Structure formats: C-alpha cells, structure tokens
Amino acid sequence: MPRSRHTVPLLILIIVIGAASAATALLIDWLPDQASEQASRVDTLLWFVVWVSLALFTVVMAVLLYSIWRFRVPEEDDEDGPPTHGNTQLEIIWTIVPAVLLAVVAVWAYIVLADNEALAAKEDRITIDVTAEQFAWSFSYPDDNIASGDLRVPVGKQLELKMRAKDVIHDFYVTEWKVKQDVVPGITTKLIVDPDKVGTYQIICAELCGVGHGIMRARVIVMEQDDYESWLADAKREVAQQAAAANAGSGSDSGSGDAAGSGDEGGTTTTGETP
Ligand SMILES: [Cu+2]
C-alpha cells in the first residue's frame with residue numbers, strides 16, 4: 001500500500017504545525033506569576049493538559065490538511081466516494097489513548113487538590129472570615145477581632161478562608177495564587193492557600209453576580225511577617241481606641257462601634273489609615 005507515499009508529507013506537516021503550536025505556547029507569557037505553594041502544582045497540571053492537547057491538535061490538523069490537499073476530487077466529480085468499513089485497530093487506539101489520558105488527568109487532579117487543601121498545623125495557619133456581597137469583599141480576623149477592606153496576610157503562612165455571601169453566588173479568585181472558590185449564600189465555603197510571595201494582588205469575583213460584577217475587586221497584600229505583626233498591632237490598638245471613644249461618648253452619634261469599616265477605597269482597616 002502507498003503508505004510510504006504519505007509518510008513524508010504528513011511528517012513535514014506535523015513538524016510545521018507542531019513547531020507553530022509549540023512556539024505559540026512557549027513564546028507568549030500566558031500565565032500570571034506564581035505566588036502561592038498551590039500555584040506550581042496547578043500550573044504543572046495545566047501545562048500537561050495544554051501540551052497533550054497541542055500534540056493531538058497537531059496530528060489531527062496534519063491529517064486533515066493533508067487529506068484536503070491530497071484527496072481532493074475534480075469539481076465536476078459528483079460521485080460517491082468508495083465505501084469503507086471500520087478499522088478495528090484504529091478504533092481500539094482512539095478509544096484507549098483518550099481513556100488513558102483522561103484517567104491520568106483525573107488522578108493527577110485529585111492528587112493536586114488533596115495536596116492543595118492539606119491543612120497545616122493549627123499554629124501555622126490563620127483563619128480569616130471573608131464576606132462577599134454585591135459588589136464588595138470584606139475581611140475579618142476572628143482571632144484578633146479586627147476587620148479590613150484589604151486582605152492583609154503574612155507570607156509563608158497558610159490561610160484558611162471561611163467565606164460567606166450575603167446575597168448571590170460570588171467567587172473568590174486571586175490569579176497569582178491559582179486557586180478559586182465559590183462563595184454561596186447559606187453555606188460557608190472554605191479555601192486553603194499558602195501565599196509564598198510578598199506583593200499586592202487583586203482579588204476578583206469570578207462568578208457573574210450582577211451589574212457590578214466587573215468592579216467587584218479588592219486587594220490582597222502579602223506582607224513580611226514583621227510588617228504583618230506591626231499592622232495587626234496597630235489595627236488592634238485602633239479598634240481598642242474606637243471602642244473606648246464609643247464608650248466614653250456613648251449615646252452620642254459618634255460613629256460605629258461596629259469596627260468593620262466597610263471596604264472603602266483605600267481599603268484599609270477599621271482604622272481608616274494604616275502605615
Ligand atoms: Cu461577585
């Protein structure tokens with residue numbers, strides 16, 4: 001059979017399409033920086049899926065383009081093509097290969113999820129309550145009794161975010177952390193993440209939640225441990241001062257005993273301004 005006649009042109013097509021696909025994947029910086037322990041696990045799995053997809057895409061496109069070119073009939077030829085029957089060998093191959101690939105991805109994803117959600121020891125993690133509402137995020141620190149419009153966290157510690165929604169479904173997503181989690185009215189959802197890079201990142205809502213969905217953003221500020229502790233101490237002091245002031249002038253209209261300053265634009269704490 002004329003197998004050899006097709007082999008070389010097909011191989012050339014595979015090389016050309018494969019090189020173009022690989023170049024597209026490699027030359028463009030597709031993914032956000034990695035800023036959590038979870039990030040590299042997620043990205044590695046993602047790139048595996050991408051490379052497998054590119055390989056399959058390359059083979060399919062090569063065969064398709066070659067067939068269009070090589071087996072084209074003259075325009076006036078309206079006859080049916082020759083009848084063909086199944087090819088058992090091919091069918092077995094194209095059943096087994098995707099089945100194995102899917103199984104690999106499923107098991108791998110399970111392992112990544114289990115690793116990503118593994119809880120650190122109690123003293124090595126910080127619990128933060130996250131509240132989502134149309135169209136804002138707010139954060140409170142139950143252990144320290146303060147609240148903040150920015151999510152401020154120390155680097156190198158695990159966060160256990162306990163998330164509640166006041167109205168509709170939202171979704172907490174920090175692209176650099178590579179993890180996201182729906183926030184659903186009526187239940188408390190949980191997100192585990194270990195930030196490992198100091199910096200300021202955006203929290204975005206990743207679930208269409210109304211007209212303000214696109215502006216439903218907040219900042220996460222990942223700080224050195226020392227900076228975090230001094231911010232925490234300042235915030236606690238401010239809360240105590242506010243409480244004292246509220247007590248002193250109780251009855252008067254001097255503002256909220258409710259420390260949870262809403263996430264105003266500067267997005268700081270309770271305190272209004274912080275270092
Ligand atoms: Cu939202």
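**View 1. Ala165 and the residues it touches.** In this predicted model, Ala165 touches Ala132, Glu133, His170, Val183, Val184 and Pro185, leaving aside residues up to four places away in sequence. Ala165 belongs to strand 5, which covers residues 158-165. Is Ala165 buried or exposed? Ala165 has 24 other C-beta atoms within 10 Å, and a residue counts as buried at 20 or more, so Ala165 is buried. Look also for Gly186: its C-alpha atom is separated by 7.4 Å from that of Ala165, although the two residues are 21 residues apart along the chain.

**View 2. The sheet that contains strand 5.** Here five strands form an open sheet, and their order is 3-2-1-5-8 with mixed pairing. Which strands stand at the edges? They are strand 3 and strand 8 (189-193). Each of these has a single partner strand, so one side of each is left without a neighbour in the sheet. On average, neighbouring strands of this sheet are turned by 25° against each other, direction ignored. For a closer look, follow strand 2 (residues 136-141), which pairs with strand 3 in the antiparallel sense over three bridges. Ser140 has Ala147 of strand 3 as its bridge partner.

**View 3. A second open sheet.** Five strands in the order 4-10-9-6-7 make up this open sheet, again with mixed pairing. Strand 4 and strand 7 (179-183) are at its edges; each pairs with a single strand, so one side of each has no neighbour in the sheet. From one strand to the next, the twist averages 20°. How do strand 4 and strand 10 run, parallel or antiparallel? They run parallel, and four bridges join them. One pair to find is Pro154 with its bridge partner Met223 in strand 10. Helix 4 packs on this sheet, where it touches strand 4 and strand 10. The direction of helix 4 makes about 130° with that of strand 4.

**View 4. Helix 4 and its buried residues.** Helix 4 takes in residues 225-248, which makes 24 residues. From first C-alpha to last it reaches 34 Å, close to the 34 Å expected at 1.5 Å a residue. Which residues of helix 4 are buried? They are Trp231, Ala235, Glu238, Val239 and Gln242. Their cover includes strand 3 (146-148), strand 4 (151-154) and strand 10 (217-223).

**View 5. Helix 2 against helix 3.** Helix 2 (residues 37-70) packs with helix 3 (residues 88-116) at an angle of about 170°, and their axes are 9 Å apart. An angle over 145 degrees counts as roughly antiparallel, so helix 2 and helix 3 are roughly antiparallel to each other. On the helix 2 side, the contact is made by Gln38, Arg41, Val42, Leu45, Val49 and Val52. Helix 3 contributes Leu101, Val105, Trp108, Ala109, Val112, Asp115 and Asn116. The residues of this contact divide into nine nonpolar, two polar and two charged.

**View 6. Stepping back to the whole protein.** How many helices and strands are there? The protein has four helices and 10 strands. Starting at the N terminus, the elements run α-α-α-β-β-β-β-β-β-β-β-β-β-α. Of its 275 residues, 22% count as buried. Among contacts with a separation of 6 or more, 73% are between residues 24 or more positions apart.

Key. Residues are numbered from 1 along each chain as its sequence is written. This is a predicted model: local features need pLDDT of at least 70, side-chain atom pairs count only at pLDDT 80 or more; totals for chains, interfaces and linings use all residues. Helices (H or I, at least four residues) and strands (E, at least two) are DSSP runs, numbered from the N terminus. A residue is buried if 20 or more other C-beta atoms lie within 10 Å of its own, exposed if 12 or fewer, and partly exposed in between; C-beta atoms are placed from the backbone. Two residues are in contact if their C-beta atoms, placed from the backbone, lie within 7 Å. The expected span of a helix is 1.5 Å times one less than its number of residues. Axes are lines fitted to C-alpha atoms, for helices over the stretch in contact, and angles run from 0 to 180 degrees between N-to-C directions. Angles under 35 degrees count as roughly parallel, over 145 as roughly antiparallel, 65 to 115 as roughly perpendicular and the rest as oblique. Ala, Val, Leu, Ile, Met, Phe, Trp, Tyr, Cys and Pro count as nonpolar, Asp, Glu, Lys and Arg as charged, and the others, Gly among them, as polar. Two strands pair if DSSP finds at least two bridges between them.
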